[in-house]
Amino acid sequence: MSASENSTTAVLELVAPDMAMVDHVIAQRLDSGVPLVGEVARYIISAGGKRLRPVLLLLTCGALGYTGGQRHNLAAVVEFIHTATLLHDDVVDESTLRRGRATANERFGNPASVLVGDFLYSRAFQMMVGADSMRVMQTLADATNVIAEGEVLQLMNMHDASLDEEGYLRVIRSKTAKLFEASARLGAILAGSSVAIESACADYGQALGTAFQVIDDVLDYDGNTTEMGKNLGNDLREGKATLPLILAMQRGTPEQSRTVHQAIETGSVDRLNDIVAIVRDTGALTATRTAAAAQAQRAIDAAMQLPNNAYRASMVALASQLLERRT
């Protein structure tokens, strides 16, 4: 086991008892009078993954000393929201593989995936009312709205080879980092923290989520299907101008830039091996990892404003090991 895997395991072990309670809440709230709802939802939730968003909420609560039961309820809420986005994403992207097995839309069909995603969103909003806090509801409502905007923005950017780094970051901060940010902010809200601490938590979540997605985009050109549990080249197939491709076009020769540009516009993976070579040869992968490292450091700096305890140390470790992730 690598040092990175050891670090992640230690973080997960710290919140393992709490995550067991979150799993209990999830099982209870997936109960529905419509069997297909539970079947599809359980299929994707049981697929595995580190479940970083609920973990992040629990770590923040731990760092700030909040031990109330709402941390389990809201951790389940953010997992439901995330799962709903995955169900809808895979339909929009026509994905067939996630975490090493068939996507829900591949197994159950697009209509079931979309409608069960809708159920998870509505169930999440039912659950967040239980916190009896306007700040909690505002944070989650705003996050869900921004995520939806990010999805539409990404759709608009498909096959747009002129997208720049600023436009790319706008999408991932909306689509991916916003729920990380909300998860960390919720921990501070539950703990009744000061404005400064709540802001630090939100900054941590946004930076961590941004780094997470940037590294994910690196792995689409620097991983393998077995490790990743998804088809490599998916981003290119969907016409997504991610940071490795944006930087490759900036740094490459006119011919290299033209090759990448055409691949984004057409969504063709016929020259995927050539694209991977260009991304590597131009130093775009290294530059993208450097960009992710800057975000990870921003997350660490924000975490260091929290009380010094094992939970804060785990938040720092999560950001530090993120750069070594392979899945």
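What follows is a chat about a predicted model of a protein.

Reader: What is the average pLDDT of the protein?
Author: This is a predicted model, and its pLDDT averages 91. Of the residues, 94% score at least 70.

Reader: Where is confidence lowest, and where is it highest?
Author: The low point is helix α12, residues 225-228, with a mean of 49. The high point is helix α10, residues 177-190, at 98.

Reader: OK, the inside now. Which residues of the largest nonpolar core touch the most other members?
Author: Leu74, Leu140 and Tyr204 do, in a core of 71 residues.

Reader: Which helix gives the most to this core?
Author: Helix α5, residues 70-93, which supplies 10 residues. As background, nonpolar side chains in soluble globular proteins tend to be buried together.

Reader: Back to Tyr204. What is it in contact with, leaving aside neighbours within four places in sequence?
Author: Tyr204 contacts Leu56, Ala299, Ala302, Ala303, Met315, Val316, Leu318 and Ala319.

Reader: How many residues are in the other core?
Author: That core has 30 residues and lies apart from the largest one. Its members include Tyr168, Leu169, Leu236 and Ile275.

Reader: New topic: α14. Why is it described as largely enclosed by the rest of the structure?
Author: Because 7 of its 9 residues are buried. The buried ones are Leu243, Pro244, Leu245, Ile246, Leu247, Ala248 and Met249.

Reader: Which helices do those buried residues pack against?
Author: They pack against α9 (165-175), α11 (195-222), α13 (234-237), α15 (254-266), α16 and α17.

Reader: Take α16 from that list. At what angle do α14 and α16 pack?
Author: Helix α14 (residues 243-251) and helix α16 (residues 272-281) pack at about 70°, and their axes are 9 Å apart. Angles of 65 to 115 degrees count as roughly perpendicular, so α14 is roughly perpendicular to α16.

Reader: Which residues make the contact?
Author: From α14 they are Pro244, Leu245 and Ala248, and from α16 they are Ile275, Ile278 and Val279. By class, the contact has 6 nonpolar residues, no polar ones and no charged ones. Ile275 is also one of the residues in the core of 30.

Reader: And Thr282, where is that found?
Author: Thr282 is in the loop between α16 and α17 (284-303).

Reader: Buried or exposed?
Author: Thr282 counts as buried, because its relative accessibility is 12% and the cut-off for buried is under 20%. Leaving aside neighbours within four places in sequence, Thr282 is in contact with Ala248, Arg251, Gly252 and Gln256. Ala248 is also one of the α14 residues in the contact with α16.

Reader: Something else. What is phi for Asp132?
Author: Phi of Asp132 is near 50°, which is positive, and the residue is not a glycine. In general, most residues other than glycine have a negative phi.

Reader: Where is the place of Asp132?
Author: Asp132 sits in the loop between α7 (110-129) and α8 (134-157). At 69% relative accessibility, Asp132 counts as exposed.

Reader: What about phi for His159?
Author: His159 has a positive phi as well, of about 65°, and is not a glycine either. The loop between α8 and α9 holds His159. With a relative accessible area of 34%, His159 is partly exposed.

Reader: Last one: where does Glu324 lie?
Author: Glu324 lies in the segment after α18 (310-321). At 48% relative accessibility, Glu324 counts as partly exposed. Ile215 is 109 residues from Glu324 along the chain, and their C-alpha atoms are separated by 8.7 Å.

Notes: Residues are numbered from 1 along each chain as its sequence is written. This is a predicted model: local features need pLDDT of at least 70, side-chain atom pairs count only at pLDDT 80 or more; totals for chains, interfaces and linings use all residues. Side-chain values use heavy atoms; hydrogens and water are left out. Axes are lines fitted to C-alpha atoms, for helices over the stretch in contact, and angles run from 0 to 180 degrees between N-to-C directions. Helices (H or I, at least four residues) and strands (E, at least two) are DSSP runs, numbered from the N terminus. Angles under 35 degrees count as roughly parallel, over 145 as roughly antiparallel, 65 to 115 as roughly perpendicular and the rest as oblique. Contact means heavy atoms within 4.5 Å. Ala, Val, Leu, Ile, Met, Phe, Trp, Tyr, Cys and Pro count as nonpolar, Asp, Glu, Lys and Arg as charged, and the others, Gly among them, as polar. Buried means under 20% relative accessible area, exposed over 50%, partly exposed in between (1.4 Å probe, protein chains only). pLDDT is the predictor's confidence in each residue, from 0 to 100. A nonpolar core is a set of buried Ala, Val, Leu, Ile, Met, Phe, Trp, Tyr and Cys residues joined through side-chain atoms within 4.5 Å.
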